[in-house]
Amino acid sequence: MVQPSGPDQIIVIGGGRWAQVMVGVLLNIAPEGASIVVRSPRNASGMAAWLAGRKAADHVRVTEDWPQLVEGRSAAVIVVNAAKDHVPTIEWALEYGAAVLSEKPVALSEAALRALTALAREKQASFYAANVFLFARYVEALSQALSQAGPAREVRIRFEDPVAERRHGENKRFDPALPVFMDWLPHCVSILGFLLGSQQGECTDVAVYKGGAHVEVTLRWAGVPCSLTMIRNGETRRRVVELDTDKGPLSLDFSSEPGVLRRGGEAIVADPLWDSAERPLARMLGVFLGRVGDDMDMPLRARLDIGIALAACRIADQVKARYRQALTPWLAEKLTAGVADADLQYALNELAMSEALILRD
């Protein structure tokens, strides 16, 4: 698919597994004539090796340095590097007036993200959040089923990853500097907001298990009780949304895409077009690239709204305070007992990588 309009330059900042997946999609959907630059100071050689021999890869340049943004040419910057590097990367792009799409979490606090949105307004630059699940037809199918079943009475979301997993042909690894709730709250909050039609929620409780590898978050979202279960180093990959409604239970299990939608005793494929139409990432990137050229579907553009990321950051700040309260005495007890089990090792590794994030603002 070739977009009819879009940016002259597409710049991807990042060199990990997800950056490679994005570049792979861009090779198929980038506007004709657009140049693609990948900046990866840590893995430029690995990215270049991955690109070698791929169709249209000769249109991609890989560099360790900040690329030059050409005056008079529109630029789209896709931020997919380490979470701790998002803010300075976004600042760099916005200073040049580029359109920016950032992977989650866009920033590590609501205050940091609000500063970025202020900069975007000052520079009159477009600034979006990569809410990829809002471009999944299986989530749209769940939302449609909910509209037919009446209002939600309760929502439960479970994200779980196994110890070892291969995704898109690569070994998937989590960022040990990023607590699991900060990693997955943007996904959960975007789905909650889409289903319940609101970005207003509040954290009411947090439970921490396995040194932080398992976190349970209780919320009230648009007045609806919600619970989020987020597990790393678990038994299997799980992505499940369950709802209680006036007309009975609804659930979407997209642990394996395109997922299964259940309504009462009925189970159907959640996205019958999975193998014949654009998949979520291609759909999202196509919408973003179209926006740069003023050719974007307005309802879909709203799904990239930075306000969704602000809601996630606000909840993450609330969770972080309770997370500290739960984790600190647990750590003290473990260290006093001298029991160096896997849970303690996980917690200490997270502390070593993200001490400032967990223990203080």
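Reader: What does the secondary structure of the protein come to?

Author: Ten helices and 16 strands. Those are DSSP runs numbered from the N terminus, with helices (H or I) of at least four residues and strands (E) of at least two. Bear in mind that this is a predicted model: local features need pLDDT of at least 70, side-chain atom pairs count only at pLDDT 80 or more, while totals for chains, interfaces and linings use all residues. Residues are numbered from 1 along each chain as its sequence is written, and side-chain values use heavy atoms, with hydrogens and water left out.

Reader: What makes the protein as compact as a globular protein of its length?

Author: Its radius of gyration is 21 Å, close to the 21 Å that the globule rule gives for 361 residues, so the protein is as compact as a globular protein of that length. The radius is taken over C-alpha atoms, and the rule is 2.2 Å times the number of residues to the power 0.38. Those C-alpha atoms fill a box of roughly 60 × 50 × 40 Å along the principal axes.

Reader: How much of the protein counts as buried, and what share of the contacts is between residues 24 or more positions apart?

Author: Of the 361 residues, 54% count as buried. The word buried means under 20% relative accessible area, exposed means over 50%, and partly exposed lies in between (1.4 Å probe, protein chains only). For contacts (heavy atoms within 4.5 Å), residues 24 or more positions apart account for 72% of those with a separation of 6 or more.

Reader: Why is Trp92 called buried?

Author: Trp92 comes in at 13% relative accessibility, so it falls on the buried side of the cut-off. Trp92 sits in helix H3, and apart from residues up to four places away in sequence it touches Ile11, Ile13, Trp66, Pro67, Leu69 and Val77. Thr336 is another story: 244 residues along the chain from Trp92, with 45 Å between the two C-alpha atoms.

Reader: Which other residues of H3 are buried, and what covers them?

Author: H3 runs over residues 86-95, and besides Trp92 its buried residues are His86, Thr89, Ile90, Ala93 and Leu94. Their cover includes strands E1 (9-13), E4 (75-79), E5 (99-102) and E6 (127-129), plus helix H4 (110-123). After H3 comes Gly97, with a positive phi near 75°.

Reader: How do you know that H4 and H9 are roughly antiparallel?

Author: They pack at an angle of about 155°, with their axes 8 Å apart. Angles over 145 degrees count as roughly antiparallel (under 35 is roughly parallel, 65 to 115 roughly perpendicular, the rest oblique), so H4 and H9 earn the label roughly antiparallel. In H4, Glu110, Leu113, Arg114 and Thr117 meet Ile306, Ala309, Leu310, Cys313, Arg314 and Asp317 of H9. By class, that contact has five nonpolar, one polar and four charged residues.

Reader: What makes Gln124 exposed, and why is Lys210 called partly exposed?

Author: Gln124 has 73% relative accessibility, so it counts as exposed. Lys210 has a relative accessible area of 40%, so it is partly exposed. Gln124 lies in the loop between H4 and E6, and Lys210 in the loop between strand E10 (201-209) and strand E11 (214-221).

Reader: What makes their phi values worth a mention?

Author: Most residues other than glycine have a negative phi, and most peptide bonds are trans. Gln124 is not a glycine, yet its phi is positive, about 55°. Lys210, also not a glycine, has a positive phi of about 55°.

Reader: Where are cis peptide bonds found?

Author: One joins Lys104 and Pro105, with omega about -20°. Another joins Glu257 and Pro258, with omega about 15°. Pro105 belongs to the loop between E5 and H4, and Pro258 to the loop between strand E14 (248-253) and strand E15 (260-263).

Reader: How do you know whether Glu350 and Met353 are buried or exposed?

Author: Glu350, in helix H10, has 2% relative accessibility, so it counts as buried. Met353 lies in H10 (residues 342-359), and at 47% it counts as partly exposed. Leaving aside neighbours within four places in sequence, Met353 is in contact with Pro176 and Ala177. The C-alpha atoms of Met353 and Leu178 are 8.2 Å apart across 175 residues of chain.

Terms used:
Axes are lines fitted to C-alpha atoms, for helices over the stretch in contact, and angles run from 0 to 180 degrees between N-to-C directions. Ala, Val, Leu, Ile, Met, Phe, Trp, Tyr, Cys and Pro count as nonpolar, Asp, Glu, Lys and Arg as charged, and the others, Gly among them, as polar.
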